[in-house]
Amino acid sequence: MFVIFLNACETEKSETKENNSSVEENLYFGQKPPGLIPEIFDFEILSTEDWNLGGKFNSDIKEFYLTNSRGGLFEPTVIVFRKENNVWEKHNFHSSLSGDSNILYDEAKYIEKTNYGWSKIKSLGPMFEREDWGIMRLSASANGTFVFDDWKSNDVIRISRIKDGKREEPKLLGKEINTGKWTAHPFIAPNESYLIWDSEREGGYGGADIYISFRQKDGSWGTAINLGDKINTTLWENAAMVTPDGKYLGFSRSEEKVRKDGSTYWESNKYWVDTKIIENLRPKQ
């Protein structure tokens with residue numbers, strides 16, 4: 001009986017390990033996970049078969065949805081094509097930017113998961129959709145705290161919390177975050193323990209570097225920490241985000257190129273790295 005029990009346990013462990021492996025393979029397209037040295041995320045293996053029509057056209061034939069059946073680090077979870085002023089607009093909604101997998105964000109808009117699929121695109125309201133603001137990226141924590149950049153205000157990062165059940169007016173973050181020529185592309189941890197963004201500031205490695213600030217016991221944000229020369233180079237590193245499972249940090253590394261006619265363009269690659277690189281920077285309490 002004891003031998004049978006052990007065999008059953010080993011079988012269960014093996015099946016669990018296989019299931020966990022298949023889940024990770026499903027999420028990251030079968031790619032070998034990186035260690036503490038960033039590696040290029042290979043988009044060559046992505047397929048249109050991974051995208052499914054996530055619902056019929058709505059009644060006025062102005063929206064339709066594509067859903068990514070395998071998730072992924074850089075690919076949006078849901079793409080919505082929406083007809084606005086007789087022009088089809090594309091909206092990319094990312095699960096990696098949301099602390100709640102049932103709500104996905106794209107700039108100042110969001111969609112919610114319902115019993116019938118994803119909702120129509122909704123607005124965060126006039127508090128965020130202001131003519132004098134321009135949101136490139138909005139990231140939400142599990143508690144509903146928003147952080148977002150504003151390119152119309154010289155690229156600054158603002159924060160908005162929920163207090164006593166009400167959404168607070170967005171406020172500028174302090175000099176720990178908003179320092180340098182510009183700050184952009186914020187990502188807040190689901191538990192709000194850290195904030196990641198990119199900036200061009202003194203003491204960096206190149207045009208744009210990725211920084212992190214850890215939340216202090218008193219609720220303030222700690223001094224900005226450069227993620228170091230394993231992440232940042234003389235090129236432009238930006239748009240970092242962490243996978244929903246918390247295991248990997250993804251970011252872009254870009255370089256400005258010059259054509260023969262003198263015009264310029266940007267060449268970019270996507271990288272990912274183990275989030276242990278974040279934990280190694282976390283101050284010891």
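**Exercise 1. Does W118 count as buried or exposed?**

*Solution.* Before we start, keep in mind that we're working with a predicted model.

Step 1: find the residue. W118 sits in strand β8, which covers residues 117-118.

Step 2: check the accessibility. W118 has a relative accessibility of 17%, and the cut-off for buried is under 20%. W118 therefore counts as buried.

Step 3: look at who is around it. Skipping the neighbours within four places in sequence, W118 is in contact with Y65, T67, V78, S101, N102, L104, I111, E112 and K113.

Step 4: pick one of those partners, N102. Along the chain, W118 and N102 are 16 residues apart, and their C-alpha atoms are separated by 8.8 Å.

**Exercise 2. Work out the order of the strands in the open sheet that contains β22, and find its edges.**

*Solution.* Here's a handy reminder to begin with: strands in a sheet pair through backbone hydrogen bonds, and they can do that in a parallel or an antiparallel way.

Step 1: list the strands. This open sheet has 4 of them, in the order β1-β22-β21-β20, and the pairing is antiparallel.

Step 2: spot the edges. β1 (39-40) and β20 (236-242) are the edge strands, since each pairs on one side only.

Step 3: go through two of the pairings. Strand β21 (residues 248-258) is joined to β22 by 11 bridges, and S252 stands opposite K270 in β22. β20 and β21 pair over 5 bridges, with W236 having S254 in β21 as its bridge partner.

Step 4: follow the chain from β20 to β21. The two strands form a hairpin with 5 residues between them, and G246 in that turn has a positive phi of about 75 degrees.

Step 5: ask how enclosed β20 is. Of its 7 residues, 6 are buried, so β20 is largely enclosed by the rest of the structure.

**Exercise 3. Describe the surroundings of S268.**

*Solution.* Step 1: place the residue. S268 belongs to strand β22, residues 264-274.

Step 2: judge its exposure. S268 has 39% relative accessibility, so it counts as partly exposed.

Step 3: list the contacts. Neighbours within four places in sequence aside, S268 is in contact with S252, R253 and S254.

Step 4: zoom in on S254. The side chains of S268 and S254 make a polar contact at 3.1 Å.

Step 5: try a C-alpha separation too. S268 and E237 are 31 residues apart along the chain, with 9.4 Å between their C-alpha atoms.

**Exercise 4. Which strand gives the most to the lining of the largest pocket?**

*Solution.* Step 1: get the basics. The largest pocket has a volume of about 410 Å³, and 15 residues line it. Lying nearest its centre are H94, L97, M136, R137 and A239.

Step 2: see which strands take part. β6 (103-106), β10 (135-140) and β20 each supply at least two lining residues.

Step 3: choose the top contributor. That's β10, with 3 residues.

**Exercise 5. Sum up the whole protein in a few numbers.**

*Solution.* Step 1: count the secondary structure. There are 2 helices and 22 strands.

Step 2: check burial. The protein has 285 residues, and 42% of them count as buried.

Step 3: look at the surface. The accessible surface is about 16300 Å², with 50% belonging to carbon and sulfur atoms.

Step 4: consider the contacts. Among those with a separation of 6 or more, 41% come from residues 24 or more positions apart.

Note on methods
Residues numbered from 1 in each chain as written. Predicted model: local features only at pLDDT ≥ 70, side-chain atom pairs only at ≥ 80, totals over all residues. Heavy atoms only, no water. Buried < 20%, exposed > 50% of the residue type's maximum accessible area, 1.4 Å probe, protein only. Contact = heavy atoms within 4.5 Å. Polar contact = N/O pair within 3.5 Å; in protein donor to acceptor, adjacent residues only side chain to side chain. Areas by Shrake-Rupley, 256 points an atom, 1.4 Å probe, with all protein chains shown as cover. Pairing = 2+ DSSP bridges. 1 Å grid on protein atoms, 1.4 Å probe; cavity = no way out; pocket = protein on both sides within 12 Å on 5 of 7 lines; lining within 4 Å. Points joined across faces, edges and corners; volume = space filled by probe spheres on them.
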